[in-house]
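Colleague: I'm new to this one and would rather get to know a single part well than skim the whole thing. Pick a part and take me through it slowly, please.

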Amino acid sequence: MSILSVSSFLQPLNGFGNAKPANDAAETQSINTSNPAFVLDLSTKAQEIIAANNGGVSDMDRTMPLEMRVKEQSEAVQNKMTRLLLSRNIDFSKDLDFEIDSSGKVRVKGEVANKEAIEKVLNEDSSFSGELKKLLSDASDLATQKIKEKYKIALKALEEDDDKDKEKKKLELQNKYIQMVQNVGKISENFSLSNGTLSIASLDFAASVSL
């Protein structure tokens with residue numbers, strides 16, 4: 001789950017800047033050039049080693065727009081999840097609500113048939129667990145991004161308004177924005193499966209809110 005400070009919530013008030021500081025670029029260059037594989041060999045094999053040390057994320061994955069990446073991850077996790085359940089003859093035609101608990105395990109919310117069997121099959125596959133957690137983290141970032149976009153549009157409309165209570169309304173909007181982002185954090189590890197279709201709570205929430 002992404003951890004966001006209040007100051008990051010209010011970034012839109014400071015010009016919505018996303019520029020990377022010059023020292024960050026220098027630091028990245030330093031890290032790359034200190035890698036023996038980078039210094040000694042720029043072959044395909046060396047690049048694979050560097051990618052493995054970075055969690056196996058390819059250059060294409062890093063440059064892919066977040067929304068597209070989340071879409072592809074969601075499809076992959078959904079397919080893998082349903083295959084795992086089918087492999088144990090577990091019926092998932094009914095709605096199932098899940099969460100990641102404090103120990104990092106997938107838990108079924110509420111009392112449902114085969115609850116322990118469902119949790120067991122999903123938790124014993126470390127590959128699936130890793131993909132799921134990465135998806136939920138990226139989905140949380142995307143949900144926050146969507147809410148930020150709505151906030152920027154609402155803020156711009158207020159800036160162009162001649163309402164005498166404009167400053168008061170801007171403060172109210174700011175507080176609502178902060179609350180919405182905090183809510184995303186609270187539900188970022190919740191998801192559901194409905195007749196084989198995966199839904200992520202943070203994205204559903206971001207799509208439903210208005211600012």
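Modeller: One term first: a residue is buried under 20% relative accessible area, exposed over 50% and partly exposed in between, using a 1.4 Å probe and protein chains only. This is a predicted model, where local features need pLDDT of at least 70 and side-chain atom pairs count only at pLDDT 80 or more, while totals for chains, interfaces and linings use all residues. Residues are numbered from 1 along each chain as its sequence is written, and side-chain values use heavy atoms, leaving out hydrogens and water. Helices (H or I, at least four residues) and strands (E, at least two) are DSSP runs numbered from the N terminus.

Let's look at the sheet and what sits around it. There are 4 strands in an open sheet, in the order S2-S1-S3-S4, and the pairing is antiparallel. The edge places go to S2 and S4, each of which has a single partner strand, so one side of each has no neighbour in the sheet. From one strand to the next, the twist averages 30° (axes are lines fitted to C-alpha atoms, for helices over the stretch in contact, and angles run from 0 to 180 degrees between N-to-C directions).

Follow strand S3, residues 190-194, for a moment. It is mostly covered, with 4 of its 5 residues buried. Strands count as paired if DSSP finds at least two bridges between them. S3 pairs with S1 in the antiparallel sense over 4 bridges. Two of the partnerships are easy to find: Glu 99 is bridged to Asn 190 in S3, and Leu 96 to Leu 193, also in S3. Strand S4 (residues 197-200) is joined to S3 by 4 bridges as well, and these two run antiparallel. Here Ser 192 has Ser 199 in S4 as its bridge partner. S3 and S4 form a hairpin with 2 residues between the strands, where Asn 195 takes a positive phi near 50°.

Now the helices. H6 lies across S1, S3 and S4 and runs at about 125° to S4. H8 packs on the sheet too, touching S1, S2, S3 and S4 (contact means heavy atoms within 4.5 Å), and its direction makes about 50° with that of S4.

Helix H7 (residues 115-123) is worth a stop here. Its buried residues are Ile 118, Glu 119, Val 121, Leu 122 and Asn 123. Their cover includes helix H6 (66-87), strand S1 (96-100), strand S2 (106-108) and helix H8 (126-159).

H8 also has a helix for a partner. Two packed helices are described by the angle between their axes and the distance between the axes. H8 packs with helix H9 (residues 166-187) at an angle of about 175°, and their axes are 10 Å apart. That makes the two roughly antiparallel (over 145 degrees; under 35 is roughly parallel, 65 to 115 roughly perpendicular and the rest oblique). Residues making the contact include Ile 147, Tyr 151 and Leu 155 of H8, along with Leu 173, Tyr 177 and Val 181 of H9. By class, the contact has 11 nonpolar, 3 polar and 5 charged residues. Ala, Val, Leu, Ile, Met, Phe, Trp, Tyr, Cys and Pro count as nonpolar, Asp, Glu, Lys and Arg as charged, and the others, Gly among them, as polar.

Last, the charged pairs on H6 and H8. A salt bridge is a side-chain nitrogen of Lys or Arg within 4 Å of a carboxyl oxygen of Asp or Glu, and the whole structure has 12 of them. In one, the side chains of Glu 67 and Lys 146 meet at 3.0 Å, N to O. That pair links distant parts of the chain, with Glu 67 in helix H6 and Lys 146 in helix H8, 79 residues apart. Both ends are partly exposed: Glu 67 has a relative accessible area of 46%, and Lys 146 is at 25%.

Another salt bridge stays inside H6. Lys 71 and Glu 75 have their closest N and O atoms 2.9 Å apart, and they lie 4 residues apart, about one turn of the helix. Lys 71 is exposed at 52%, whereas Glu 75 is partly exposed at 40%.

H8 has a similar case: Asp 138 and Lys 134 form a salt bridge with the closest N and O atoms 2.5 Å apart. They are separated by about one helical turn, because they sit 4 residues apart in H8. Asp 138 is buried, at 5% relative accessibility, while Lys 134 is partly exposed at 37%. Shared partners then join Arg 69, Lys 134 and Asp 138 into one salt-bridge network.
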